[in-house]
Amino acid sequence: MNAARFSCLLIIVFAAFASCAKMDDNGDLGGQWQLTEWRDKATGAIKATNETGIYYAFQLELMQMRRIDKGYYYLARFYNRGDSLLLGDIYSWGKELAETEGGVGNGTTEKKAEPAELTDDFGVSPDGKFAIETLNNSTLVLSNEQVRLKFRKY
């Protein structure tokens, strides 16, 4: 009788832990990516490299974009369609704090991002769409009409 109770208790405990955890089913896309090359399609010029410190990160349904030289980052819901990546509304987090003199504040400001700042800082087109040219466990290549972005898994 004690063995049956113990077995039942173990099943309940394991079921409780399993139901609380969300699984990240992003496959190779999940995790943090460091930009290694940002190439302008019209001119062929390289706008940024890994020294620029641009990172994209994917976890669950959220994407984070950040630059090391900025004191803020962007968050968006993303949709991986296999051959394309679609971004929902994009919000900056902590931008007003970073732009204040001396950075005084608590860094919890949030506002919807302007398309121009995303294009200039991260290569995101105003429609928030990327084609996925390459995606494996070490390389990600995204492109839109204006740019081609190469990343390495970080």
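R77 forms a salt bridge with E61, in which the closest N and O atoms are 3.0 Å apart. The two partners come from distant parts of the chain: R77 belongs to strand β5 (residues 73–80), while E61 sits in the loop between β3 and β4, 16 residues apart. R77 has a relative accessible area of 44% and is therefore partly exposed. E61, at 48% relative accessibility, also counts as partly exposed. The structure described here is a predicted model.

## Salt bridges

A search of the whole structure finds 5 salt bridges. Three of them are set out in the table below, with the distance from N to O.

| Pair | N to O distance | Location of each residue |
|---|---|---|
| R77 and E61 | 3.0 Å | R77 in β5, E61 in the loop between β3 and β4 |
| E133 and R148 | 2.6 Å | E133 in β8, R148 in β10 |
| K150 and E37 | 4.0 Å | K150 in β10, E37 in β1 |

The side chains of E133 and R148 meet at 2.6 Å, N to O. Because E133 lies in strand β8 and R148 in strand β10, this pair ties together parts that are 15 residues apart in sequence. Is E133 buried or partly exposed? With a relative accessibility of 38%, E133 counts as partly exposed. R148 is partly exposed as well, its relative accessible area being 29%.

The salt bridge between K150 and E37 has an N to O distance of 4.0 Å. This pair links distant parts of the chain, for K150 lies in strand β10 (residues 147–153) and E37 in strand β1 (residues 31–40), 113 residues apart. The burial of the two partners may be stated separately. E37 has a relative accessible area of 17%, under the 20% limit, and is therefore buried. K150, at 30% relative accessibility, counts as partly exposed. Salt bridges also link E37, R39 and K150 in a network.

## Strand β1 and its partners

The pairing of strands gives a setting for this network. β1 and β10 pair in the antiparallel sense over 7 bridges. Within this pairing, E37 stands opposite K150 in β10, and the side chains of K150 and E37 also meet in a salt bridge.

β1 is joined to β3 as well, by 4 bridges, and these strands run antiparallel. Here the bridge partner of Q32 is A57 in β3. A further 3 bridges join β1 to strand β2 (residues 46–49), again in the antiparallel sense. R39, a member of the salt-bridge network, stands opposite I46 in β2. β1 and β2 form a hairpin with 5 residues between them, and G44 in the turn has a positive phi of about 80 degrees.

## A positive phi at L60

Most residues other than glycine have a negative phi. L60, however, has a phi near 50 degrees, a positive value in a residue other than glycine. L60 is found in the loop between β3 (54–59) and β4 (62–67). E61, the salt-bridge partner of R77, is in that loop between β3 and β4 too. L60 counts as partly exposed, at 34% relative accessibility.

## Strands β6, β8 and β9

β6 and strand β8 (residues 129–135) pair in the antiparallel sense over 3 bridges. In this pairing, L86 stands opposite K129 in β8. β8 is also joined to strand β9 (residues 139–143) by 4 bridges, and these strands run antiparallel. A131 stands opposite S143 in β9. The hairpin from β8 to β9 passes through 3 residues.

## The largest pocket

Which element supplies the largest share of the lining of the largest pocket? That share, 4 residues, comes from β6. β6 (84–93) and α3 (115–122) each supply at least two residues of the lining. In total, 13 residues line the largest pocket, and G88, I90, P115, L118 and P126 lie nearest its centre. The lining divides into 7 nonpolar, 3 polar and 3 charged residues. About 160 Å³ of space lies in this pocket.

Helix α3 also contains E117. E117 has a relative accessibility of 11%, which is under 20%, so E117 counts as buried. The side chain of E117 is joined to that of Y74 by a polar contact of 2.7 Å.

Note on methods. Residues numbered from 1 in each chain as written. Predicted model: local features only at pLDDT ≥ 70, side-chain atom pairs only at ≥ 80, totals over all residues. Heavy atoms only, no water. 1 Å grid on protein atoms, 1.4 Å probe; cavity = no way out; pocket = protein on both sides within 12 Å on 5 of 7 lines; lining within 4 Å. Points joined across faces, edges and corners; volume = space filled by probe spheres on them. Nonpolar A, V, L, I, M, F, W, Y, C, P; charged D, E, K, R; others polar. Buried < 20%, exposed > 50% of the residue type's maximum accessible area, 1.4 Å probe, protein only. Polar contact = N/O pair within 3.5 Å; in protein donor to acceptor, adjacent residues only side chain to side chain. Pairing = 2+ DSSP bridges.
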